[in-house]
Amino acid sequence: QLPFVVGVNGWDGQYLHSDTEVRDALTLAPHVPMIRLDARSKDAVKTVLIHLVEHALNVRMAVPGWSG
């Protein structure tokens, strides 16, 4: 199972769909992180990438027998 996050792009803070609608449309499991952002913002994109790396590390560390 690959760790991933979903970035939900909004325009000037406006999002057309709720988290539930996005999860249902993409059939995402509840444990998959969703992050709202404006993809035009470098800082927002950087934040999503940081969340992805942190999430991947957390998922990997949860694997029994992994010693890092």
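Okay, quick definition before we start: two strands count as paired if DSSP finds at least two bridges between them. Keep that in mind while you look at this one, which is a predicted model.

So, who pairs with whom here? S1 and S2 do, running in the parallel sense over four bridges. To find one of those on screen, click on Gly-7: its bridge partner in S2 is Ile-35. And how does the chain get from S1 to S2? It goes through helix H1, residues 19-26, and this β-α-β crossover is right-handed.

Now stay on S1, residues 6-9, and look at the side chains, which alternate. Val-6 and Val-8 are buried and point to one face, while Gly-7 and Asn-9 point to the other and are not buried.

Where do those two valines end up? Both belong to the largest nonpolar core, six residues in all, together with Val-22, Leu-28, Val-32 and Met-34. Apart from that core lies another one, of five residues, including Val-5, Ile-35, Leu-37 and Val-48. Val-8 also touches Ile-35 and Leu-37, among others.

Val-48 takes us to helix H2, residues 42-61. With 20 residues, H2 reaches 29 Å from its first C-alpha to its last, close to the 28 Å expected. Which residues of H2 are buried? Ala-44, Val-48 and His-55. They sit on the same side of H2, because they cover an arc of only 45° around the axis. Remember the rule here: an α-helix has 3.6 residues a turn, so residues three or four places apart point the same way. Part of what covers the buried residues of H2 is strand S2. Turned away from that buried side, you'll find exposed Lys-42, Asp-43, Val-53 and Met-61.

Terms used. Residues numbered from 1 in each chain as written. Predicted model: local features only at pLDDT ≥ 70, side-chain atom pairs only at ≥ 80, totals over all residues. Heavy atoms only, no water. Core = buried A, V, L, I, M, F, W, Y, C linked by side-chain atoms within 4.5 Å. Buried < 20%, exposed > 50% of the residue type's maximum accessible area, 1.4 Å probe, protein only. Contact = heavy atoms within 4.5 Å. Helix = DSSP H or I, 4+ residues; strand = E, 2+ residues; numbered from the N terminus. Expected span 1.5 Å × (residues − 1). Arc of directions from axis to C-beta. Right-handed = clockwise from strand over helix to strand, strands pointing away.
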